[in-house]
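Student: I would like to go through some of the terms used for this structure. Can we take them one at a time?

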Amino acid sequence: MKRAVAVAALLLTLLAGGCGIPDDTDVRTLRPGPSGGITAGADETSPQKKREDTNITSEFVRNYLAAAAGDFEGAVGRVKEFMAPEAAAKFKPATDLVRVVRLAEDPLVNPSIATVTVKVREVGNLRQKGILEPSSDPRVTELKFEVGSLTQPSGLFILKAPPVLLLTDEALRAYYEPRTIYFWDQDKSGLIPDVRYLERDVPSEQVPTQILDWLTSGPAPWLTGVAEALPEGTKLIGNVPAISNDTLQIQLSGQAVPPEDPAVGLDRLQKQLRWSLRPQVPVTLQLIIEHSWDEKYSGTGYYVANPAYRPAGQPERFVVYDGQIRRLSNSYDSGSPVPLVRPQDNKNVRMAAMAVSGARGFAALVVENSNGVQSLRVGTAAAGEFATLSGVRLPAPIGRPVWAKSAEGADNGTTGLITAAGRLYSFTPDGRPATEVQWQGTRPAGVTAVAVAPDAHRAAVIAGGNLYIAALSRSEDGVQLMSPHIIRTTDVQSLTAVEWSSESALVVAGRRTDNRVATYEVSVDGVLQTARQDDLGQYPVTYMASLPDSPIRSAAESTGAMAYEQNGIAYDEEDRRAIGVGDLAVPVTNPPARVHPRAPFFLS
């Protein structure tokens, strides 16, 4: 199936992690989660190309655009190896970043002149600590190189180049492995993922030391408003030794554990470390805190610290049919009534979102009366009970609601997000008036879709047909999108829908250059962009819903789910099959003509 191929292609380059078995279970070897195709380590890494490897000018330029890959300290030296001595002497780029670019076409080589032109789009800047900062520049720009031959030594050389370290996205994927490290949110109720890039030639026994260096340096800048750094002064003591007897030993300075509640702090720390070490997490982690603690941890109880984790199980699937929320027959618990919403409230529904967090369930329904007036109705109830719905006024047209859930086990703090009249609003389950979401920086026009990551601290927004990613801050001052930045999609534009497919990737729907509609899986930083449904015809995807993959599942074991609406018809994305009346869990006698199931969604 197309979905399976696309998911495998993307997830084989993304990490994950998560299950709910207590820490005191029997020690056993854990199956690694999805990774970057290989485990980091020099044994399986293809060597980088050298200057003398080719005399074909176009290949030579491509090899030059991969030379900066690797450790920052040696990047300038590796690039200069491609340069003639005079050019190398003049080459003095900034050494704290490498500009990552995507080729818009093959290098343009004219045999009669030395200049080679390369048209590129900026992907972003790769910085120290493996951080990639996406670029918001949509332009195709030209890079010009002068390439010529020398006799001593012989071969092709760069005679002149832009004064910056450059790297193609192809080289980034070839020589770096995406790794997900984790930081606690600011109320320490759940972990937030932070994607970094690790050189593939780092020996596997040195990877834990590198991960600890990233963790002690704090979260990526765009997450600093929602993610909590390790306590100030936390340092790794020595290097992390190789795994011995299935045990990885990590020694940290005493500042790593807060003095006010050291036992709780130590437990949080071991969960953060074990998630960040995936997929190389050992059977046992021995955590030594200077002059105070020496503890060993095994089992999978740490899984529940990551809100993206879900035990294996079938999704609960729903659609809106003839104004009512209905279960689908291929849904888990398909024989049960619709949860949360009383039968008398289940009418005139256009779209809905339902979620469970801890001991409570949350419902949000977009309804439309006989005069075509839209409104939002929301409510919350204990598990197994019906909610009393309250009306929330919003300007029309109203988009699909989504829930940003509080941590598992918490009964409050859950917030809803919804688009209305081109703006983004937040709402609460108790029906208080909706408030417009604050936008750090210049607010874009035309917000049409929103999706919240499983951790509830990152959001994706479609505005003006572009994809934005931002940290989602929820406080007494209101809901705010912090550090919003555009993720440029190269193969689809004029985006109409977005959803999270995993904790590190999204699915977007838009139009290709030939005006055909397609969906693409896009990594959270935009580096990876893979066709998921490469041709959906001419009608735009107006609605999309998902249940993101659990990060402990491999691509072959995907438990995620995705559905969408196109031209007024709901589709199961797995095989692009239209969801019909016959798929409803409760059969419909004499169904009305031209009334189709719409607005599919999942209990999250």
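Student: Is the crossing of α6 and α7 left-handed or right-handed?

Tutor: This is a predicted model, and in it α6 and α7 cross in a right-handed way. Ile211, Leu212 and Leu215 of α6 make the contact with Gln272, Leu273 and Ser276 of α7. Those residues divide into four nonpolar, two polar and no charged.

Student: Why are α6 and α7 called oblique to each other?

Tutor: Their axes cross at roughly 125 degrees. Roughly perpendicular covers 65 to 115 degrees, and roughly antiparallel starts over 145. The angle falls in neither range, so α6 and α7 count as oblique.

Student: What makes Glu170 and Arg62 a salt bridge?

Tutor: The limit is 4 Å between a side-chain nitrogen of Lys or Arg and a carboxyl oxygen of Asp or Glu. For Glu170 and Arg62 the N to O distance is 3.4 Å, so the pair qualifies. Glu170 sits in helix α5 and Arg62 in helix α2, 108 residues apart. Both also belong to a salt-bridge network with Asp106.

Student: Why is Asp169 called buried and Arg173 partly exposed?

Tutor: Buried means under 20% relative accessible area, and exposed means over 50%. Asp169 has 5%, so Asp169 is buried. Arg173 has 34%, which lies in between, so Arg173 is partly exposed. The two form a salt bridge, with the closest N and O atoms 3.2 Å apart.

Student: What separates Asp169 and Arg173 along helix α5?

Tutor: About one helical turn, because they are four residues apart in that helix.

Note on methods: Residues are numbered from 1 along each chain as its sequence is written. This is a predicted model: local features need pLDDT of at least 70, side-chain atom pairs count only at pLDDT 80 or more; totals for chains, interfaces and linings use all residues. Side-chain values use heavy atoms; hydrogens and water are left out. Axes are lines fitted to C-alpha atoms, for helices over the stretch in contact, and angles run from 0 to 180 degrees between N-to-C directions. Helices (H or I, at least four residues) and strands (E, at least two) are DSSP runs, numbered from the N terminus. A crossing is left-handed if the near helix is turned anticlockwise from the far one by less than a right angle, and right-handed if clockwise. Contact means heavy atoms within 4.5 Å. Ala, Val, Leu, Ile, Met, Phe, Trp, Tyr, Cys and Pro count as nonpolar, Asp, Glu, Lys and Arg as charged, and the others, Gly among them, as polar. Buried means under 20% relative accessible area, exposed over 50%, partly exposed in between (1.4 Å probe, protein chains only).
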